[in-house]
Amino acid sequence: MATGAGATLAPDRPTLGYGREGGQMMWNGPMMGWMWIWSLVGLAVLVALVWLLFRLTARDRTGNAPSSARRILDERYARGEIDEEEYRHRRADLT
């Protein structure tokens, strides 16, 4: 029987087939590689969800929707406040 500060395991103690310390299959066994892979997959899923949430809730910053100036110009033309020539001229200035 081992004695001293480094002897933490009696030689007759069963190891359950996982090495000297027993029960540490996740850290020292074949599952360690899968643990890293699933951690990275989980992180990728989390990043994708945050990105998707941001894209769905963010205002349109790319200019796909008409700007407020263009919208106001369209409304003024629709109400008849400006004629077609002035509308086209101002619209060209906005683009």
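**Chat about a four-helix model**

Author: Starting at the surface, Trp 34, Ile 37, Trp 38, Val 41, Val 45 and Leu 49 make a nonpolar patch of about 630 Å². This is a predicted model, where local features need pLDDT of at least 70, side-chain atom pairs count only at pLDDT 80 or more, and totals for chains, interfaces and linings use all residues. Residues are numbered from 1 along each chain as its sequence is written, and side-chain values use heavy atoms, with hydrogens and water left out.

Reader: OK, what goes into a patch?

Author: Residues with over 30% relative accessible area and no salt bridge; like charges are joined within 9 Å, and nonpolar side chains (Val, Leu, Ile, Met, Phe, Trp, Tyr) within 5 Å. A salt bridge is a side-chain nitrogen of Lys or Arg within 4 Å of a carboxyl oxygen of Asp or Glu. Areas are Shrake-Rupley with a 1.4 Å probe, and for residues only the protein chains shown count as cover.

Reader: Where's Val 41, and is it buried or exposed?

Author: Val 41 is found in helix H2. Its relative accessibility is 36%, so Val 41 counts as partly exposed (buried is under 20%, exposed over 50%, partly exposed in between).

Reader: And how many helices and strands in the chain?

Author: Four helices and zero strands, in the order α-α-α-α. Those are DSSP runs numbered from the N terminus: helices are H or I with at least four residues, strands E with at least two.

Reader: How much of the chain is buried?

Author: Buried residues are 4% of the 95. The accessible surface comes to about 8600 Å², with 61% belonging to carbon and sulfur atoms.

Reader: Switching topic, how many aromatic pairs?

Author: One. The ring centres of Tyr 77 and Tyr 87 are 4.4 Å apart with planes at 20 degrees, so the pair is stacked. It links Tyr 77 in helix H3 to Tyr 87 in helix H4 (residues 84–94), 10 residues apart. The cut-offs for Phe, Tyr and Trp (its six-membered ring) are centres within 6.5 Å, then planes under 30 degrees for stacked, over 60 for edge-to-face, and the rest tilted.

Reader: Are those two tyrosines buried or exposed?

Author: Tyr 77 is partly exposed at 34%, while Tyr 87 counts as buried at 11%.

Reader: What about the span of H3?

Author: Its 12 residues (68–79) should span 16 Å at 1.5 Å a residue, and the end C-alpha atoms are 16 Å apart, which agrees. The expected span is 1.5 Å times one less than the number of residues. Just after H3, Gly 80 has a positive phi of about 90 degrees.

Technical notes. Buried < 20%, exposed > 50% of the residue type's maximum accessible area, 1.4 Å probe, protein only.
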